[in-house]
Amino acid sequence: MIAGSKTSSPAKVAATPAAYRASEAYATFPRRYQSGSAVDLLLVGSAGALERYPAAKGQLQQPVTIAAQVGPYTHVVNAGDWNGDGYQDVLVRTLSEKIYLWRGTRTGELANAVSMGFGRNIRAITSIGDSNGDGHPDLAVITRAGNLWLYYGDGKFGRASRKLISGGWQDHSWLRGPGDFNGDGRPDLISLVGDHLLLHKGIKGGFATRVTLASGWSDISSITSVGDFDGDHRADVIARTKDGRLVLYKGNGRATVTRSTTLAGSFAGTRFAV
């Protein structure tokens, strides 16, 4: 059973020719699910499979299915290396409001689900990286009441604690963690209000007053970030248009998105793992 009070483990999809070498423990960015890939974009396909698209020189390569069915989950999240074993993990949230950790492994497959002990009253969730300096990946969460929280990872399989950052997030959608978007060494957040894409710069204990990254985003259906997509050592944003195209918006490392590039292929019916 995939949704509801129970969760299934991701089905094993294909044999892996060689073991994947572990990366740096607790790394969140770049999003990478196979050692050797510069970065991976995770998409939920139209049939519900979770697919990893490796990127090379700013172009997406052929996808690899890493979980057979994640369509019914309300949220699918790039977690970073949550438990410190060198392999990046995936979080899923069920219709019964429980979050499970699917651990990355040396085979490239995702290991058995582990309950993380929380998940209720969440409207939006994203992996942000290490926001409190303890060396472990964390989550940013908007509750149904419109409050922004930081959930601090325990470096194992759950949450160490949480901190209320502020209220007033009722109108914010597309909560995303792009990593360090402005080059100050702290993880940032991106959100959307109306058709304005907003940057919330990470500061000690929370986030600075929001600034507008871009406006006129009414033709965009969603965004994600995998960190540095094109290899220039600056975090980028990937958008999906309403007609199924993926567009790369290049970050310049100074809290600004510059030119855009349409990526090859059609991605209608997909959704991002965030």
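In the predicted model, strand 9 and strand 10 (residues 138–143) run antiparallel and are joined by 6 bridges. Within this pair, I122 of the one strand faces T143 in strand 10. The two strands belong to an open sheet of 4 strands, arranged in the order 9-10-11-12 with antiparallel pairing. Strand 9 (122–129) and strand 12 (159–166) form the edges of this sheet, each pairing on one side only. On average, neighbouring strands of the sheet are turned by 25° against each other, direction ignored.

A further open sheet is built from 4 strands in the order 5-6-7-8, and the pairing is again antiparallel. Its edge strands are strand 5 (75–80) and strand 8 (110–115), each of which pairs on one side only. The average turn between neighbouring strands in this sheet is 25°, with direction ignored. Strand 5 is connected to strand 6 (residues 89–93) by 5 bridges, and these two strands run antiparallel. In this pairing, H75 is located opposite R93 in strand 6.

Strand 19 was examined for both its burial and its pairing. A residue is counted as buried when its relative accessible area is under 20%. Of the 8 residues of strand 19 (residues 220–227), 7 are buried, and the strand is therefore largely enclosed by the rest of the structure. Strand 19 is also joined to strand 20 (residues 236–241) by 5 bridges, with the two strands running antiparallel. One of the contacts concerns G227, whose bridge partner in strand 20 is D236.

How values were computed: Residues are numbered from 1 along each chain as its sequence is written. This is a predicted model: local features need pLDDT of at least 70, side-chain atom pairs count only at pLDDT 80 or more; totals for chains, interfaces and linings use all residues. Side-chain values use heavy atoms; hydrogens and water are left out. Buried means under 20% relative accessible area, exposed over 50%, partly exposed in between (1.4 Å probe, protein chains only). Two strands pair if DSSP finds at least two bridges between them. Axes are lines fitted to C-alpha atoms, for helices over the stretch in contact, and angles run from 0 to 180 degrees between N-to-C directions.
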